[in-house]
Amino acid sequence: MKFNTDVLIVGAGPTGLMLACQLSRLGVSFRIIDKQVDRTQESRAFGIQAKSMEIFQNLGIDSDFIKQAQIRNEASFYIKGKLKFKLGFKNIGINDSPFPSLFLLPQSDTEQILSEHLKHQSIFIERQTELVSLIQEAEGIEAHIKKTLLGKTEKILCRYIIGCDGAHS
């Protein structure tokens, strides 16, 4: 089997984008597809913890997150408008991480930063493209993707397919 790419990433949310950034860093060939027209506009996740920031630091994009995120050392939890409890993050990981806080940033902004990082490497998300079928063989995988806008399908031969398209995958 002659491979078109090593990895086909299905889904360009934070998980798929982060995987793409890491594969790029390691020199692994991949394609990343997503059936959506654009990145998410609502926030399905908003908190970035120290370990994620350390990974972003390894990629050289931690400053992009720091510029945009709200940094919090405390969180308050309310039920029916009444304060129930507070959590302090002031000393969490202070000796273990250069990022001992909680960084609040909407998922859409996280996706934007990761997409821009890939774009600077001339890597682009294939939008309005979905995986329609796959055949697992001993040597690899034959995947069929569909470009929704064009209505055209394409066969991809790859070593791995990684589903990063959410819980419904």
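**Note on the sheet, the cores and D34**

1. In this predicted model, strand 4 and strand 7 (residues 102-104) run antiparallel and are joined by three bridges. Within this pairing, Q70 stands opposite L104 of strand 7.

2. These two strands belong to an open sheet of three strands, whose order is 3-7-4 and whose pairing is antiparallel. Strand 3 (47-48) and strand 4 (70-72) form its edges, since each of them pairs on one side only.

3. The largest nonpolar core comprises 26 residues, and I9, F30, I32, F56, F65 and L114 are those with the most contacts inside it. Two or more residues of this core come from each of strand 1 (5-10), helix 1 (14-26), strand 2, helix 2 (50-59) and helix 4 (107-119), with helix 1 giving the most, namely five residues. As a general point, nonpolar side chains in soluble globular proteins tend to be buried together.

4. I32 deserves a separate look: leaving aside neighbours within four places in sequence, I32 is in contact with I9, G11, A12, G16, L17, A20, F124, I125 and E126. Apart from the largest core lies another core, of eight residues, which includes L8, V10, A143 and I145.

5. Is D34, a residue of strand 2 (residues 30-34), buried or exposed? D34 counts as buried because its relative accessibility is 11%, and the cut-off for buried is under 20%. Not counting residues up to four places away in sequence, D34 touches G11, A12 and G13, and also I125, E126, R127, Q128 and T129.

Methods
Residues numbered from 1 in each chain as written. Predicted model: local features only at pLDDT ≥ 70, side-chain atom pairs only at ≥ 80, totals over all residues. Heavy atoms only, no water. Buried < 20%, exposed > 50% of the residue type's maximum accessible area, 1.4 Å probe, protein only. Contact = heavy atoms within 4.5 Å. Pairing = 2+ DSSP bridges. Helix = DSSP H or I, 4+ residues; strand = E, 2+ residues; numbered from the N terminus. Core = buried A, V, L, I, M, F, W, Y, C linked by side-chain atoms within 4.5 Å.
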